[in-house]
Amino acid sequence: MMQSGVPPCTTCGEPVGFDSNGEVFVACHECNFPVCKSCLDYEIKEGRKVCLRCSTPYDESSTMADVETNQSSNHSTMAAHLNDAQDVGMHTRHVSTVSTVDSELNDDSGNPIWKNRVESWKDKKSKKKKATSKAKHEAEIPPEQQMEEKQSADPAQPLSTVVPLPRNKLTPYRGVIIMRLIILALFFHYRITNPVDSAYGLWLTSIICEIWFAVSWVLDQFPKWTPINRETFIDRLSARYEREGEPSELAAVDFFVSTVDPLKEPPLITANTVLSILAVDYPVDKVSCYVSDDGSAMLSFESLVETADFARKWVPFCKKFSIEPRAPEFYFSQKIDYLKDKIQPSFVKERRAMKRDYEEFKVRVNALVAKAQKTPEEGWTMQDGTAWPGNNPRDHPGMIQVFLGHSGAHDIEGNELPRLVYVSREKRPGYQHHKKAGAENALVRVSAVLTNAPFILNLDCDHYVNNSKAVREAMCFLMDPQVGQDVCYVQFPQRFDGIDRSDRYANRNTVFFDVNMKGLDGIQGPVYVGTGCVFNRQALYGYGPPNLPNLPKASSSSSSCSWCGCCSCCCPSKKPSKDLSEVYRDSKRDDLNAAIFNLKEIDNYDEHERSLLISQMSFEKTFGLSSVFIESTLMENGGVPESANSPILIKEAIHVISCGYEEKTEWGKEIGWIYGSVTEDILTGFKMHCRGWRSLYCMPLRPAFKGSAPINLSDRLHQVLRWALGSVEIFLSRHCPLWYGFGGGRLKWLQRMAYINTIVYPFTSLPLIAYCSLPAICLLTGKFIIPTLSNLASVWFLGLFISIILTSVLELRWSGVSIEDLWRNEQFWVIGGVSAHLFAVFQGFLKMVAGLDTNFTVTAKAADDGDFGELYMIKWTTLLIPPTTLLIINLVGVVAGFSDALNSGYEAWGPLFGKVFFAFWVILHLYPFLKGLMGRQNRTPTIVVLWSVLLASVFSLVWVKINPFVQKVDNSTIAQSCISIDC
């Protein structure tokens with residue numbers, strides 16, 4: 001604990017302590033710069049004998065200072081110069097000069113203060129942990145308690161463990177993959193060496209498509225080679241960091257919730273997300289919730305005011321009765337026995353009262369929504385009569401409002417509540433704001449200034465906390481010294497409410513979250529999916545992991561290859577060492593932009609690279625002109641100094657969300673959420689993995705978070721379009737995994753394959769739409785893409801189908817995914833591939849070449865008010881055209897094929913079977929699309945309509961061919977009659 005009135009040392013973070021006279025220790029009597037005695041001795045020993053702030057030589061013989069003078073003038077580096085600034089308003093442009101005072105200061109050598117600060121911080125960071133703190137801690141604790149602590153902190157008691165898959169499940173799965181790979185090679189050998197001369201164009205098209213499908217399968221399959229499960233031990237976490245009678249030592253967490261338009265993202269949904277965060281099972285002083293309103297809507301602000309007021313009742317109710325989930329809308333709508341496991345007699349009465357309070361809260365929020373439907377001509381005004389600063393969402397100042405927290409309102413029982421902060425970053429015309437990624441980066445800076453928790457958990461506004469212990473689950477990884485040192489984030493799977501039972505459009509993405517992500521967890525970690533993720537703040541700042549392995553040194557006597565580590569596999573032994581050194585240096589320079597932020601690996605570079613590195617190590621150019629924020633980045637364990645002044649910190653927080661703050665910095669390029677794609681989540685996680693970090697996948701039995709997903713066909717396709725467009729943008733950028741990040745050698749090859757798969761999958765739409773057109777063309781032209789099969793060729797075809805089925809079955813066996821989920825995933829892979837992915841490819845190239853940004857409008861045509869009424873909505877969009885066309889031509893092709901076979905005789909039925917099977921493969925995969933396109937059809941099952949039309953067409957052709965009511969005439973009799981009459 002920090003002693004009252006004693007400032008922290010700006011180098012090591014410990015209190016500066018007292019001198020021999022019992023007074024607060026002062027190192028520099030000129031500016032009262034707070035440095036403890038140990039750090040001062042170290043500075044003098046290292047030859048740095050001048051003050052880091054004012055460059056005044058230290059008085060080594062004097063260790064006394066006036067206590068009153070020190071207490072009145074000795075503040076942290078954050079507040080020292082800010083206190084002298086004039087009082088300014090909320091407008092960010094007014095405080096721009098306030099935050100640049102420290103960054104302008106130089107030492108006697110003309111170097112920025114932060115360069116000297118970094119050197120001392122690096123040198124002494126281990127001293128704080130190993131020497132002083134440990135000695136003091138052990139001296140104050142009795143031997144008996146020390147023994148208990150050592151037992152509880154026994155490395156044999158990890159906070160999590162890896163649960164490998166049983167060999168009887170994994171070994172057959174790998175064997176089938178290898179077998180399928182061999183059969184694929186033999187299959188392609190047959191297909192390429194046996195062309196179809198009569199349909200050469202169709203054959204060549206099919207070969208190209210099949211090769212692409214095989215490559216896509218390899219990219220998707222091999223990252224699932226080593227799937228694993230993980231298990232956490234929350235009880236051990238509590239035993240280690242929450243000892244009875246002592247303050248909790250759990251790490252603090254900053255929650256980020258982002259919203260834009262409250263009319264599209266209902267404030268009630270956002271309120272439920274915020275309430276579930278405020279009620280998590282975690283120490284209240286360790287939780288802060290930041291809500292980003294990127295639309296600067298007064299409705300969002302007023303609804304958050306109502307939410308903060310209702311939280312004073314809701315949070316103590318949740319914690320008293322341990323209810324789940326802690327989002328009131330979803331808790332009260334559960335169709336379960338809510339009395340199960342409840343033993344308190346007052347529960348029923350209090351639940352009824354709380355439900356009534358929540359309904360009143362809903363009415364108040366709904367009233368705000370109704371009021372916001374029509375904006376007044378003069379704009380919105382606040383309760384005090386002043387105009388709302390965010391009336392113009394594209395031109396307004398930055399706004400911050402702190403609710404609840406230590407100095408705010410307490411709950412109805414008098415207990416402290418987590419801090420709740422409303423943030424709306426400044427927006428001005430002519431500035432690029434980078435949508436969600438820019439909003440998240442603004443929250444990173446605001447939270448660093450106000451609370452600076454070492455971990456960040458971001459959620460979409462419609463994803464509420466379904467498991468109140470979710471944060472503890474993540475801390476079992478991040479706070480485990482054996483596991484968490486090199487972990488950049490812990491990703492939770494996404495789970496959804498309100499999806500139809502059959503999951504017609506694969507909204508749950510079960511195959512991705514329960515199969516692919518488990519496979520990635522066995523390599524370097526799952527990809528970041530945009531929500532439900534707990535970040536290590538240091539990883540967001542562009543730093544590398546603390547235990548980053550040393551890079552190999554290139555020297556004239558070394559003959560090792562910088563790519564594979566040996567001299568014989570890819571590099572000639574006679575190649576001059578000078579060339580090897582140049583190759584090594586060039587490969588590392590490719591990733592120098594990432595390395596300059598990793599202070600811990602500076603010793604891994606030679607003199608030439610080190611000089612280049614240090615010359616670019618300017619914190620102001622990297623993080624922006626805010627000394628408060630820069631200092632927060634150097635605090636690995638987070639936190640803000642106790643001497644920090646809250647009003648001044650608010651002003652500094654306003655400054656760091658100004659629209660011009662990121663200019664000429666590395667925000668969005670190397671630190672924070674990365675810009676350049678609408679899927680900033682994939683790009684951000686990829687950059688972290690390239691720096692050597694790894695991520696972990698956490699799947700608690702009770703889903704950690706739940707959200708909503710679009711169940712309407714058009715909305716679902718537009719969601720997939722946005723994801724695919726983001727992948728195309730990454731493919732066309734400098735961050736493409738095909739060539740980015742090779743220099744450091746920190747991204748594992750299977751992990752790179754997974755990232756390549758995430759950016760190339762939209763291009764599968766081109767061969768897929770061609771392949772789905774082939775059966776109709778074959779049926780209409782009478783040609784086929786496969787020649788007459790021999791016995792050996794039949795074996796290869798049969799083996800390929802069996803291997804595909806076995807791979808799926810064994811995958812279902814180890815993952816626990818149902819066969820229905822797998823089939824829905826396959827169906828929507830085709831539906832999305834021939835619609836949204838196709839448009840994403842063209843839109844991505846148009847955006848790159850011509851700068852055109854095409855928007856596809858969606859118009860509602862009909863709706864149903866029943867259960868899952870949105871599922872039956874018919875919304876017209878151009879995305880519906882390609883799959884509809886494919887369905888029509890394949891149905892027409894089937895009818896034409898049967899017609900041709902009936903007219904050609906029995907010999908035509910054999911070739912027809914293969915063509916019709918191919919066409920039905922397309923129709924079955926597009927069936928959910930057809931079902932959504934037809935709507936409810938007066939509740940007539942779509943399958944009945946489809947088969948009725950198809951069978952009616954086929955039987956009509958058969959009927960015409962047979963002609964049962966027409967008398968059959970013997971042709972020989974007709975011929976004889978003609979002869980007799982001499983015709």
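Reader: What makes Gly-519 count as buried?

Author: Happy to explain! Gly-519 has 0% relative accessibility, and buried means under 20% relative accessible area (exposed is over 50%, partly exposed in between, with a 1.4 Å probe and protein chains only), so Gly-519 counts as buried. The model is a predicted one, where local features need pLDDT of at least 70, side-chain atom pairs count only at pLDDT 80 or more, and totals for chains, interfaces and linings use all residues. Residues are numbered from 1 along each chain as its sequence is written, and side-chain values use heavy atoms, leaving out hydrogens and water.

Reader: Which residues is Gly-519 in contact with, leaving aside its neighbours within four places in sequence?

Author: They are Pro-223, Lys-224, Thr-226 and Pro-227, where contact means heavy atoms within 4.5 Å. Gly-519 itself sits in helix α15, residues 510–521 (helices are DSSP runs, H or I, of at least four residues, numbered from the N terminus).

Reader: Why are α24 and α29 called oblique to each other?

Author: Helix α24 (residues 713–731) and helix α29 (residues 836–849) pack at an angle of about 45°. Angles under 35 degrees count as roughly parallel, over 145 as roughly antiparallel, 65 to 115 as roughly perpendicular and the rest as oblique, and α24 and α29 are therefore oblique.

Reader: What makes helix α32 largely enclosed by the rest of the structure?

Author: Six of the eight residues of α32 (residues 927–934) are buried, so the helix is largely enclosed. The buried residues are Tyr-927, Pro-928, Phe-929, Leu-930, Gly-932 and Met-934.

Note on methods. Helices (H or I, at least four residues) and strands (E, at least two) are DSSP runs, numbered from the N terminus. Axes are lines fitted to C-alpha atoms, for helices over the stretch in contact, and angles run from 0 to 180 degrees between N-to-C directions.
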